[in-house]
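I sat down with this one to see how its strands are arranged and what surrounds the ligand. Here are my notes, in the order I looked things up.

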Amino acid sequence: MTRKRFDAAVVGAGPGGTTCARELERLGVKTVLLDKADFPRQKLCAGWITPDVMADLGFVPSDYPYGIKRFDRINFHINHVKIPVRTRQYSIRRYEFDHWLLQRVKTPFYRHTVRRIREKNGGFEIDDRFFARYIIGAGGTNCPVFRQFFKNKSPRREKSLIVTMEKEYRTEFPDRQCHLWFFVNNLPGYAWYVPKINGYLNIGIGGKAFRMNKRGDSIQYHFAAFLDMLEQKGMITARPEGGKGYAYYLRHPDIRTRIGNALIIGDSAGLATRDMGEGIGPAVKSGILAARSIALNRPFTLASVNRFSLPQLVWSGLRP
Ligand SMILES: Cc1cc2nc3c(=O)[nH]c(=O)nc-3n(C[C@H](O)[C@H](O)[C@H](O)COP(=O)(O)OP(=O)(O)OC[C@H]3O[C@@H](n4cnc5c(N)ncnc54)[C@H](O)[C@@H]3O)c2cc1C
C-alpha cells in the first residue's frame, strides 16, 4: 500500500495538536493531523481558559463564534472562608472550542486511530498508512507516541496523577459566578462550579489519586458529597444524572519531551499546572514550541510553559 508522506505527523487534535499543526503549517512544514474521534467530540473539561491561552491562539473574545463567558472575579473557598479574587478569566465549552480550533487548521486531517508506529527509513511509519520524518504525540494521557517512545525512558510520576469527575449540563442555576472549593470534604484537590454561556453549567472535582487511594476514598464518593453540598447551598436546582471521570498528570520537574524526532506535548507529556491542573494553556504553548523546534531546528524546552496558574490568575486582575 502506498503511504501518504509528510514531514510531520501530529497524533491528536485537541488544543495541543491543532495548535502545533497550525504553527508547523505556518512555518512551511508539510503536516498531517490525525485523531481517532469525529469532531465535534466530547472532552471532559471545565472549559476555563486564560487570557494567555487566547493570546497564544491569536484571538479575542469577539472572534469566537460560539459562547464565551467572562469572569472578572473568581470565588475561592478554603475551609469555609470565601476569598473573592479579582481576575480576568473565561469559560468555553470544549465541544465547541476544540472543533473551532480544528476548523482553523489547514493541514490535512484524517479520522484515524493510531495503533502501530514503526521507526523506519529515517522516519515513522504509522499503521502502514502514513509516513513522516517527525512525529508529535498530542494524544492526551493515553497517547500512543508517549507509550511507544517515552514511557520507559521518561516515565510519569504516579504522585502527579489526578483523577477527576465532572458533569456539564444545561440547567437553571441561580449563581452566575465561578466558585472553587479547595480541600472540601477532605478532597486532596479542589471542586469547581463554572457557569457557561447559553445555560450550561460545569461542576466537577479533581484530586491526587495516590492520596485518595491511601485513604481508601473514591472519586465517586467525593463527587456525590460535592453534589450534596451544592444542593444544600441552593446552587443547583436539579441534581444531574451520572458524571464522568478522566485522569491526567500534573507537571513534574524532569519531563523529557523530545527523543530524536519524536516529540510529546500537552497531556501526553503531563504538563498541567501543579496548583490548579490547568492543561489547555500548557498544551497550546508546548504545541507552538514543539513546532518551532522542528521547523527552526531549536531545542524543545518547557522553560516558558507555566508550572503554576495562580500567579497569572491574580496578575490578570491587576492589569488595567
Ligand atoms: C474534568 C477535567 C476538567 C478540566 N478542566 C480544565 C480547565 O478548566 N482548564 C484547563 O486549562 N484544563 C482543564 N483540564 C485539563 C485539560 O482538559 C487538558 O489538559 C487538555 O485538554 C490537554 O490538551 P491536549 O491537546 O494535550 O489533549 P486532549 O485535549 O486530551 O486531546 C487529545 C486528542 O487525542 C486523540 N487521541 C487519543 N488517542 C489517539 C490515538 N490513538 N489516535 C488518534 N487520536 C488519538 C483524542 O481523541 C483527543 O482528541 C481538565 C481536565 C479534566 C479531565
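I began with β10 and strand β13 (residues 200-208): the two run antiparallel and are joined by nine bridges. I checked one position across this pair and found tyrosine 169 opposite leucine 201 in β13. A note to self: this is a predicted model.

Next I traced the sheet. It is open, with eight strands in the order β3-β5-β4-β11-β12-β13-β10-β14, and the pairing is mixed. I then looked up the edges: β3 (48-49) and β14 each pair on one side only.

I went on to the whole chain. I counted nine helices and 16 strands in the protein chain. Along the principal axes, the C-alpha trace spans about 60 × 45 × 35 Å. I also asked whether the radius of gyration fits or departs from that of a compact globule. For 320 residues the expected value is near 20 Å, and the protein chain has 20 Å, so the two agree. Of the 320 residues, 42% count as buried. Among contacts with a separation of 6 or more, 71% are between residues 24 or more positions apart.

Last came the ligand. Which of the 40 residues around the ligand come nearest? I noted Gly12, Gly14, Gly140, Gly266 and Gly279. For the shell, I listed the elements that each supply at least two residues: the helices α1 (15-26), α7 (266-269) and α8 (280-295), and the strands β2 (31-35), β10 (161-170) and β14 (244-249). By type, I sorted the shell residues into 18 nonpolar, 16 polar and six charged.

Technical notes: Residues numbered from 1 in each chain as written. Predicted model: local features only at pLDDT ≥ 70, side-chain atom pairs only at ≥ 80, totals over all residues. Near = placed C-beta within 6 Å. Helix = DSSP H or I, 4+ residues; strand = E, 2+ residues; numbered from the N terminus. Nonpolar A, V, L, I, M, F, W, Y, C, P; charged D, E, K, R; others polar. Rg over C-alpha atoms; globule rule 2.2 N^0.38 Å. Buried ≥ 20, exposed ≤ 12 C-beta atoms within 10 Å, placed from the backbone. Contact = placed C-beta atoms within 7 Å. Pairing = 2+ DSSP bridges.
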